[in-house]
Structures are given as C-alpha cells and as structure tokens.
Amino acid sequence: MKLSPIIAGTMNWGAWGAKLSARQIADLIESAVEAGVHTFDHADIYGGYTTEQDFGTAFAASQVEREEAIFITKCGIRYPSPESPHAVKHYDYSKEHIRRSLENSLRHLKTDYIDVFLLHRPSPLLDPKEAVETLEKLKAQGKIRHWGVSNFTVSQLHLIGQEITPEWNQIACSITHTAPLLDGTLDHHQTHGIGTMAWSPLGSYFKSQDEVRGRLEPVIQRLLKKYDCTTECLLLAWLHRHPARIIPVVGTTRGDRLQSMASAHEIPLEQEDWFALTEASWGHKVP
Ligand SMILES: NC(=O)c1ccc[n+]([C@@H]2O[C@H](COP(=O)([O-])OP(=O)(O)OC[C@H]3O[C@@H](n4cnc5c(N)ncnc54)[C@H](OP(=O)(O)O)[C@@H]3O)[C@@H](O)[C@H]2O)c1
C-alpha cells in the first residue's frame, strides 16, 4: 500500500466546514484522484458523525473505483451528539467500542475494508494489550488492512509498542508547530519505522494574523519567486524536506488547491531556505 504524496483530509468537507453537496464532494474526490491524491483521511466524529456518510454517498456516485482509493479513518473519541448521546466527551478504546466504531465507518463509507485504521487520541485509560489484540483480530478478518495511532507522544508510542509497533502516527506538525522536530517524536518514528502523517500541515499561517505569520511572510515572499510556487506548496515543501518522509494531511475544500499541492513534494527546497523558514517561525537563529 502506497499512500499518495499528500492525503486529502475530509474534516471540513461537510457539516464542520464547507457543507459541500454530494455532487461537490464527488467532484472533489475525482479532481483529487486525477491529481494523484488517492488517499482520504476521515474520522468517525467528523461533522458530528455525518461526514463519513456524506463522503461514502458521494464516493459511490463518483467515477473512482474503491480499489483506486485508500481510506484512512479513526476511532476512539466519543463526542456528544444526537448520534452519540453522552454527557461528557471522552475516549473509549474498549474492544467493544473499537469494533462498533469500525462497523459504523464501514457502513458509512460503503466499503468492506478500511486501509488504515487509527486510534484517534491517546487515552490515559487505554489498555494497549486489549486495543492491539482487537486491531490485530480485525486485521486478520480483513476488515482493516493496516492500523496506527494519532497524536501519540514518544512515551505513548513506547507503551503501545510493547505489544506491536504501530505502522503510523498522525500528528500535528507544520512550520508553526515544530515541536515534533525537537521533542523526539520524529526521531522515534524514524528509529522504529513508524510512518508520519502531519495534520494541519499549513499550521496557523492562514488561520491567524499573529507575529509568527508576520515573521514568515517576507521570507515566504522571497522564496515564492525563487521556487515559482504558491504559499501553501512552499509550506508543504518544508514538511516534505524532512527525512521522516512526512505525508501532509491537507484540509482544503477546493479542488484547485488540492491539485496544486499534489506536486509540492517536487519542490527542491534547499537546506538554507528550509532553515530560513524555520528561523522565521522560531524568531531566532539556530544555536
Ligand atoms: N488526527 C487528528 O487529531 C486531526 C486533527 C485535526 C485535523 N486532522 C486531519 O487533518 C486535515 C487537515 O487539517 P486542517 O484543515 O487544519 O489543514 P490545513 O491544510 O493546514 O488547513 C486547511 C485550511 O487552510 C486553508 N487554506 C489553504 N490554502 C490557503 C490559501 N492559499 N489561502 C487561504 N486559506 C488557505 C483552507 O481553506 P480552503 O478550504 O478554502 O482551501 C483550509 O481552511 C483534516 O481535514 C483532518 O483530516 C486530524
């Protein structure tokens, strides 16, 4: 299984964001696949448990065959909503909930299998043995092909790794969230062969007019001329340049942006330019 160079994140395609129609979602799926972006990231909770279903309906109506695409989804967060009535948002990695959540995702996405199934967020109450045994059984049954985790720290990776090393860890990582470069997470991924997916790969750049953006902007403007690309592609190129082979999970709801970002991994970002961006983000030179 080879994931595409970027992954299309669906969190904001439906009720939590752009509220795209079934036809618009099908168009977005088709333009993504046309550009080589055949991997789609979901979670059971997106859109308050509605976006997987919106996607599943649109995917069935699209021109894309199931075997051409890779579906990632996540389980474990129990989010109060009409579909999941709880008083308290919490995490649940019991074997019953993992199985139930997977069955719901399969039904909503209208598929027999999930390519990559992730434990969405680490829980203090996670029993690694129970969770891993359940995931391995689901794998043996062919209902999931691979599994991994998301937002796990190095110590949490060690804990679950006592059972089996997860294949993937999906973490927040970007030019404005560089902690994984320094806290050992990316080193651990490389040491143990854990694949890295980066969510919010553009960080806060387009979301906040803060001083980090103020420092990044002139450096980005200079580099856009040199590399002849868009800002979002340059920010992705900064991630692609890291030796952990980071795969960005992009959240755009626009086909044109998705198509242009699909080739960001081809931008030959020079080492000195990588450090110029990093220095601007940190607000100081490297020691
Ligand atoms: N594992 C986890 O815990 C976790 C947590 C959060 C998210 N995720 C996953 O990560 C995915 C991506 O997260 P994200 O949405 O934060 O990612 P992102 O790709 O960093 O940000 C996407 C946002 O940037 C905007 N954008 C892109 N280019 C722009 C430009 N040139 N000018 C202005 N705005 C621009 C997009 O707007 P347009 O739509 O207009 O392009 C969209 O609102 C989600 O869909 C989800 O699948 C996972």
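A residue counts as near a molecule if one of its heavy atoms lies within 4 Å of that molecule. With that in mind, this briefing looks at a predicted model in which 27 residues surround the ligand, and among these Asp 41, Ser 200, Lys 207, Thr 252 and Thr 253 come nearest. The ligand takes up the space of the largest pocket, and a second largest pocket, with a volume of about 220 Å³, can also be described.

**The ligand and its contacts**

- The shell of residues around the ligand is made up of 12 polar, eight nonpolar and seven charged residues.
- Through its side chain, Arg 257 places an N or O atom 2.7 Å from an oxygen atom of the ligand, while Glu 232 has a polar side-chain atom that lies 3.0 Å from a nitrogen atom of the ligand.
- Met 11 takes part through its backbone, where a polar atom is 3.2 Å from an oxygen atom of the ligand.
- The ligand taken alone exposes 930 Å², and of that area the protein buries 84%.

**The largest pocket**

- The largest pocket, whose space is taken by the ligand, holds about 710 Å³.
- Its lining consists of 33 residues, of which Met 11, Asn 12, Ser 200, Lys 207 and Gly 251 are the closest to the centre of the pocket.
- Two elements give two or more residues each to this lining, namely strand E10, which covers residues 247–250, and helix H11, which covers residues 255–261.
- Sorted by class, the lining of the largest pocket contains 13 nonpolar residues, 12 polar residues and eight charged residues.

**The second largest pocket**

- The volume of the second largest pocket is about 220 Å³, and 13 residues line it, with Tyr 49, Glu 83, Ser 84, His 97 and Asn 104 the closest to its centre.
- Helix H4, which runs through residues 95–109, supplies the largest share of the lining of the second largest pocket, namely six residues.
- By class, the lining of the second largest pocket divides into seven polar residues, five charged residues and one nonpolar residue.

How values were computed. Residues numbered from 1 in each chain as written. Predicted model: local features only at pLDDT ≥ 70, side-chain atom pairs only at ≥ 80, totals over all residues. Heavy atoms only, no water. Polar contact = N/O pair within 3.5 Å; in protein donor to acceptor, adjacent residues only side chain to side chain. Areas by Shrake-Rupley, 256 points an atom, 1.4 Å probe, with all protein chains shown as cover. 1 Å grid on protein atoms, 1.4 Å probe; cavity = no way out; pocket = protein on both sides within 12 Å on 5 of 7 lines; lining within 4 Å. Sits in = over half its atoms within 2 Å of the grid points. Nonpolar A, V, L, I, M, F, W, Y, C, P; charged D, E, K, R; others polar. Points joined across faces, edges and corners; volume = space filled by probe spheres on them. Helix = DSSP H or I, 4+ residues; strand = E, 2+ residues; numbered from the N terminus.
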